[in-house]
Amino acid sequence: MINLPEKFNNFNEARQKGFIKAKELKESGKKLVGVFCTYTPVEIPMAAKAVTVGVCGVSEEPIPDAEKVLPRNLCPLIKSSYGHAITDTCPYFYFSDLLIGETTCDGKKKMYEELDKVKRTHIMHLPNARKGEYTYKLWKEEIKILKEEVEKELGVTITDDDIREAIKDKNEERRLLREYYELGKLKPSALTGMELHQVLYQAGFKFDRDELKKDLRKVIDDMKERYEKGECPVQKDKPRILITGSPIGGISEKLIKTVEESGASIVAYELCGGIRAIDLLVDEENEDPIDALAQKYINIGCSCMLHNDNRIELLDRLVDEYEVDGVIDVVLQACHTFNVESNRIKEFITTKKNIPYMTIETDYSKSDTEQLRTRFEAFVEMI
Ligand code: BJ8
């Protein structure tokens, strides 16, 4: 018998549902592995037949509790994730058998040390200061260590064939997500910014793999049909915006709604909840599946990488393919890597792509919504 947290009856309906869903999953014999970052090679826990779920906090509610341990001047994503963990308010964290994190930004990796006191957190050493063969070899070793750790913690043996199967499965999901995502290339976009964001975000919380793929196929077909019937809600003449930067799960309402209410159409997200995670597939032809995983994941263009050329290369392609008219760079408060890198992004967008660029710094509170609206309206008018 698996128990719910003591305060279960105080939760709202949506959270209660999340807890019951995770509890049922555990009672069916499944193991749950919580992940924090796009660098996690989820095919390894998937190969162990575990269910993986994102456990990055998107609510400001547990932040005051987190600040009893963590400094106030820290990224809201980190505080929210830790706050949920210590207050038993995130179903997926609560029921996770193992957590996986990486040495990405300083705030996250130091938070993992604290988190490990609450629940077993395996930290992968992500090499981020040197490119080439050395980096790639180190990362491949880290994936092997992760495999051993997952085997030990979940009490299973993972074969190469298990990993190959997981690679195929995850690639199929990525292909479907990309097909959906590419509806943003149409003119006007076949999707509103919220529709584009939500499907990608929600896919991470559908645990039945076959059902997830069926649902994705259906939503792609439905949206194509809506477009062909001329029923798409996006107007033709709206400026086309690309959002880049820190993850937006905790600010999606205030950001997406406010940008679109300011008269723009969001057509692409160069984010971890967007194309950054699904752009590259894992090579299914590679005979060594760990090698294939290392190649894919080390090439993700997050700002925690030194000389992060892969993000520039991706932005370059997206601006052209999605016919973007302007770029909004989002920095979560105290996210130093994205904040510093915004200078390079600004230079690239304004001088190489010759389109307008703006940056915002924000946190999970709603207090700056109207201030942001004024800035977005001015930006959209300028395009
Ligand atoms: S691959 S974006 S998920 S690290 S916003 S916690 S960087 S201070 S979340 Fe991220 Fe992986 Fe990169 Fe993606 Fe730190 Fe910045 Fe906070 Fe961040």
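This report describes the domains, ligand shell, helix packing, aromatic pairs and selected residues of a predicted model.

Residues are numbered from 1 along each chain as its sequence is written. In this predicted model, local features need pLDDT of at least 70 and side-chain atom pairs count only at pLDDT 80 or more, while totals for chains, interfaces and linings use all residues; side-chain values use heavy atoms, with hydrogens and water left out.

## Domains and ligand shell

The protein chain is assigned domain 1 (6–157) and domain 2 (162–382), with bounds that come from an automatic or database domain assignment. The centres of domain 1 and domain 2, taken over C-alpha atoms, are separated by 22 Å. Between the domains, 43 residues of domain 1 are in contact with 42 residues of domain 2, where contact means heavy atoms within 4.5 Å.

Around the ligand stand 18 residues, of which the closest are Cys37, Cys105, Cys272, Cys302 and Cys335. A residue is near a molecule if one of its heavy atoms lies within 4 Å of it. Domain 1 (6–157) and domain 2 (162–382) each supply at least three residues to this shell. By class, the shell around the ligand holds 13 nonpolar, 3 polar and 2 charged residues. In this division Ala, Val, Leu, Ile, Met, Phe, Trp, Tyr, Cys and Pro count as nonpolar, Asp, Glu, Lys and Arg as charged, and the others, Gly among them, as polar.

## Packing of helices H8 and H13

Helices (H or I, at least four residues) and strands (E, at least two) are DSSP runs, numbered from the N terminus. Helix H8 (residues 160–181) and helix H13 (residues 289–298) have axes that come within 9 Å and cross at roughly 35°. Such axes are lines fitted to C-alpha atoms, for helices over the stretch in contact, and angles run from 0 to 180 degrees between N-to-C directions. H8 contributes Asp160, Ile163, Arg164, Ile167 and Arg174 to the contact, and H13 contributes Pro289, Ile290, Leu293, Lys296 and Tyr297. The residues of this contact of H8 with H13 comprise 6 nonpolar, no polar and 4 charged.

Two residues of helix H7 (residues 133–154) may be added here, one of them Glu151. Lys147 also has its place in helix H7. Setting aside neighbours within four places in sequence, Lys147 is in contact with Ile44, Ile158, Ile163 and Ile290. On the same basis, Glu151 is in contact with Val156, Thr157 and Ile158.

## Aromatic pairs

The structure holds 11 aromatic pairs. Rings of Phe, Tyr and Trp (its six-membered ring) pair if their centres lie within 6.5 Å; planes under 30 degrees apart count as stacked, over 60 as edge-to-face and the rest as tilted. The ring centres of Phe19 and Phe95 lie 6.2 Å apart with the planes at 65°, so this pair is edge-to-face. The pair links distant parts of the chain, 76 residues apart, with Phe19 in helix H1 (residues 13–27) and Phe95 in helix H5 (residues 91–95). Phe19 and Phe95 are both buried. The rings of Tyr201 and Phe205, with centres 5.5 Å apart and planes at 50°, are therefore a tilted pair. One aromatic cluster is formed by Phe8, Phe11, Phe19, Tyr94 and Phe95.

## Accessibility of selected residues

Buried means under 20% relative accessible area, exposed over 50%, and partly exposed in between (1.4 Å probe, protein chains only).

| Residue | Relative accessible area | Class |
|---|---|---|
| Glu151 | 16% | buried |
| Lys147 | 18% | buried |
| Phe205 | 22% | partly exposed |
| Tyr201 | 31% | partly exposed |
| His336 | 55% | exposed |
| Glu381 | 71% | exposed |

His336 belongs to helix H15 (residues 336–352). Its C-alpha atom is separated by 8.3 Å from that of Cys105, 231 residues apart along the chain. Glu381 is found in helix H16 (residues 369–382). The C-alpha atoms of Glu381 and Pro239 are 9.1 Å apart, with their positions 142 residues apart along the chain.

## Backbone features

Most residues other than glycine have a negative phi, and most peptide bonds are trans. Lys187 and Pro188 are joined by a cis peptide bond, with omega about -5°. Pro188 lies in the loop between H8 and helix H9 (193–203).

Lys49 has a positive phi, near 65°, and is found in the loop between helix H2 (43–47) and strand S2 (51–54). With 46% relative accessibility, Lys49 counts as partly exposed. Ala334 also has a positive phi, near 70°, and lies in the loop between strand S7 (326–332) and H15. With 17% relative accessibility, Ala334 counts as buried.
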